[in-house]
Amino acid sequence: MVFCARSKNLHRKRPSPMQPRTPARLPFPANHAKSLFIMPQRPSNPSPLSKPDRRQFLAGLALGASLGPALAQPAPAPRPAAQPRPAAVPPLAPIQDKQLSAASLTARLTGAQSPESTLFRFLPDPPPVMQASPLDIPTLRFQSGSDARIGLRNDLAQPLALALRGLRRPLSGDAMSGIGVGQAGSLAFPTSQPGSFLLKAVPPAPSREARARGLHALVVLEEPRPPDVDHDIPLLVGDWRLNEKGELAGDFTDLRDAARLGRLGNRLSVNGRTVPLELTVRPGSRLRLRLANVAPARTIPLHALRLVARVIAIDSTPCAPFDPLQRMVTLAPGNRCEMIVDVPREAGIEARVEARFATPAPLFILRTEGSAVTARGPVTALPDPGLPAAIRLQNAARAELAITGGWPREASPDPEAMRKAFPDPARIFQLNSGALGDGPGAQPGKPLLRVKRGREVVLALKNQTAWPQVLGLDGHSFRLLHPYDDGWEPYFLDTVHVGPGQILRIAFIAELVGRHALRSTIADHAETGVATHLEVTG
């Protein structure tokens, strides 16, 4: 059962009652299981967040004075009035600094008898005394209240460009936009936007191999008062393409992938490990699951089996808690979703999160054991993200992005024919008939749109190819509009799936000055033409 919420501040005025149990749309492909989100009957009414206090230095040093013996005075003169002492100034909060290295290592992906595969990983620098498994994808956690910084040394044999997916704040440092072999970079940002974010390789540097080999990290910015849960668990779901020997296939720039769906694997993984991940908990435990799709191209429908699940955030942005339809959410590459789940209150029960394909694949198995924990109350909303509850669409700046090109669906994927059809492998897809495009390794081209800060923006995303396209916008969260601009879905996104022949419209307020990438989150498509940007001026 679904609620479909519609905005009251609309481009076209027409009745839009919130009718219970009517389907809501999500930007996910029709060829996967129907897995829509159940919408809350009454979405939250955001209000701007107060800005965090600026860091301050100590006003001075505390001085001690020794007192001499008191002297008798026949008639002591009146002392001047006591002056108020200056208030103590809090000390400067130290920057939370985490140092990483991007390095290659080897591991066996399918058991002790399989051949070794080369993986890319973010490793702590210096490494800890107790080294974790080389398969693990790291999670970097930062507390609220002070700025954060991630430093990186590139120990790979190829250049890197990295992005922190989901952050709506300016970045300082070099933003890791280009780190050469053997070089270092840094990324500094405030912690005033709590949430779950993805650190991953992006253009203009080569990114297909890095992402297929698993170069990802989850960055968690904690709330000042996190929800009361027993376990906070990241679940980064991806896939590997293994050859017949069980080792990672090395065809990272195959034209058959780039011109069609992208690189699809044949073995699922969670947090860089072979599925399923297993955990034993007490009956009635409450868990916070931080879900993210880190697969190079695969869209993954996730089903919570024997779990009471409520979605609390989508794409690094809180939403009013709601129960997903049939306990399912579908994540396209780059999508994130946070859920609070309650396990059964009986011991000896097995619950799970599974990938709901034709044959369900268990990803995360929970077993209950021991005495039950104290029952908790209803799930409450996360802190308000401070985004506008309504967007005035009447005078919005509008632009269209039409994606064409790629290989015909009905044609045989013959490599020789593809090489002749695409002599420039960076131009397999075209944007607006070739008028736009930020090629990998090149300077940004003409922006799709240039607007002043604070302007409302509506983008029409037109997929005129035979293959799904997944588009992500950096630096902003947007509303997915209903047809005819008569309302929007009651949550924010920064990544959207556009099916073949489909037209979707998104709306947002351009608040962050600078250039912001609008490109495919499918690595093969981003490096072969599906990449442009917007420019917001001060």
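Begin by selecting residues 350-355, strand β19, together with residues 361-368, strand β20: the two run antiparallel and are joined by 6 bridges. Strands here are DSSP runs of E with at least two residues, numbered from the N terminus, and two strands pair if DSSP finds at least two bridges between them. Within this pair, pick Ala 351, whose bridge partner in β20 is Leu 366.

This is a predicted model, in which local features need pLDDT of at least 70, side-chain atom pairs count only at pLDDT 80 or more, and totals for chains, interfaces and linings use all residues. Residues are numbered from 1 along each chain as its sequence is written, and side-chain values use heavy atoms, with hydrogens and water left out.

Next, widen the selection to the open sheet of 5 strands, which has mixed pairing and the order β12-β20-β19-β14-β17. Because β12 (277-281) and β17 (328-331) stand at the edges with a single partner strand each, one side of each has no neighbour in the sheet. From one strand to the next, the twist averages 15°.

Now move to residues 162-165, strand β5, where Leu 162 and Leu 164 point one way while Ala 163 and Arg 165 point the other way, and all are buried, meaning under 20% relative accessible area with a 1.4 Å probe, protein chains only. In a regular strand the side chains alternate between the two faces of the sheet. Add residues 195-201, strand β7, which runs antiparallel to β5 and is joined to it by 4 bridges; there, Lys 200 is the bridge partner of Ala 163.

Finally, show the whole protein chain, where buried residues make up 52% of the 538 residues.

Key
Buried means under 20% relative accessible area, exposed over 50%, partly exposed in between (1.4 Å probe, protein chains only). Axes are lines fitted to C-alpha atoms, for helices over the stretch in contact, and angles run from 0 to 180 degrees between N-to-C directions.
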